[in-house]
Amino acid sequence: MTNNSIEPLNIGNTINTAFRLYRDRFQTYVFFAVRACLWSLLPLVLQLILSQLLYQTITPEQGSDIGLRLFLFPVQIFSAAKYLFNSAVISRLAFQDIIYQPETAGQAEKKVKPKMWRLWWMQVLIGLLGAAIILPITLSLVLVSFIPILGVLLILLASFCLPVFFLWLSARICIAELPLIIEDNLGSWQAIKRGWHLTKNSAWRIVGVIFIASLLIIPAYILSVALASIPFWFNSSEDWQTLTENPLFFRQMAMFSYGLITIFLLLSILLVPFWQSLKSVIYNHLLDQKKNDGGEY
């Protein structure tokens, strides 16, 4: 094993590189982000339309709502797969740019499309893995909560340790889609293991990258909520004391909901390419680090 390792993952350089990739191919990335976000909205739009057509309301009764959800379940699965596919195309385009082997949008789509359902199944496996971890922890905390003093202490300890643990766990699996769409002949579980192997010594640096990037983006979400809540700014304090009697309140609530959905959709379209580019930069750095250290490529 060689001793001349490249520098560890640098937070500032990683974020700057992701922004540069995003800026250089903005139109292409946003095109796929629009497709991804529209696919993710399809089940909700269909539910609203069908509820209005079948039940003359956007909130059908509980029994009919269950039937409608079952009817839309295959659509939700397909929409999720299409969302993951379009997002993954952005990651592949970004990675190919990083290694100076750029691809066109059509070439990237052609490479990623056969792996669409493997991407979906990988997310299912990650969800099952998370559930397998969360359920025993939750059950244990419920059981110890009946112990007067020790239970309180353990719950307080868990409230501190668990977020830290899940941050570390998220960093270990956050790039799993990259091996799947870049490397050949990998299945969903193999891609998760590959991502786990690559992030072995870099988890906390990845947490740092994601944390700093999130700090840069959070103000945009706060501003979005403020803009969507404009209809409420003109209420007097007396209105808020009699909300249920205010005939404008429910109209304002609808305006707020639709405004929030619209603004969050636009934000997602702009931010999905950045996050996908960021993961590609991290993945490329980890590959270089493994090769330079003499490890498995």
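Which backbone oxygen lies 2.7 Å from a polar atom of the side chain of serine 188? In this predicted model, the partner is the backbone oxygen of arginine 118. Serine 188 belongs to helix H8, which covers residues 188-198. With a relative accessibility of 5%, serine 188 counts as buried. Leaving aside residues up to four places away in sequence, its contacts are Arg118, Trp121, Met122, Leu125 and Leu180.

Helix H1 offers a tidy check of geometry. Its 14 residues, 11-24, should span 20 Å at 1.5 Å a residue, and the C-alpha atoms at its ends are indeed 20 Å apart, which agrees. Buried positions in H1 are Thr14, Ile15, Thr17, Ala18, Leu21 and Tyr22. These residues cover an arc of only 160 degrees around the axis, which puts them on the same side of H1. Arg23 and Asp24, on the other side of H1, are exposed. Where H1 starts, the backbone nitrogen of glycine 12 has a side-chain oxygen of asparagine 10 within 3.1 Å.

Phenylalanine 19 is also part of helix H1. Its relative accessibility is 38%, so phenylalanine 19 counts as partly exposed. Not counting residues up to four places away in sequence, phenylalanine 19 touches Leu216 and Phe274. The C-alpha atom of phenylalanine 19 is separated by 9.4 Å from that of proline 273, although the two residues are 254 residues apart along the chain.

Aromatic rings deserve a look of their own. A search of the whole structure gives 12 aromatic pairs. In one of these, phenylalanine 31 and phenylalanine 32 have ring centres 5.2 Å apart and planes at 75 degrees, so the pair is edge-to-face. The partners can be told apart by accessibility: phenylalanine 31 is partly exposed at 44%, whereas phenylalanine 32, at 0%, is buried. Tryptophan 117 and tryptophan 120 likewise make an edge-to-face pair, with 5.9 Å from centre to centre and 75 degrees between the planes. Both tryptophans sit in helix H5 (residues 116-144), three residues apart, or about one turn of the helix. Tryptophan 117 is partly exposed, at a relative accessible area of 41%, and tryptophan 120 is partly exposed too, at 22%.

Tryptophan 117 and tryptophan 120 join Trp39, Phe78 and Trp121 in one aromatic cluster. Trp121 brings the description back to its beginning, being among the residues that serine 188 touches. Elsewhere, a ring meets a charge: the charged end of arginine 172 sits over the ring of tryptophan 196, 4.0 Å from the ring centre.

Methods: Residues numbered from 1 in each chain as written. Predicted model: local features only at pLDDT ≥ 70, side-chain atom pairs only at ≥ 80, totals over all residues. Heavy atoms only, no water. Helix = DSSP H or I, 4+ residues; strand = E, 2+ residues; numbered from the N terminus. Expected span 1.5 Å × (residues − 1). Buried < 20%, exposed > 50% of the residue type's maximum accessible area, 1.4 Å probe, protein only. Arc of directions from axis to C-beta. Polar contact = N/O pair within 3.5 Å; in protein donor to acceptor, adjacent residues only side chain to side chain. Contact = heavy atoms within 4.5 Å. Phe/Tyr/Trp six-rings, centres within 6.5 Å; stacked < 30°, edge-to-face > 60°. Lys NZ or Arg CZ within 6 Å of the ring centre and 35° of its normal.
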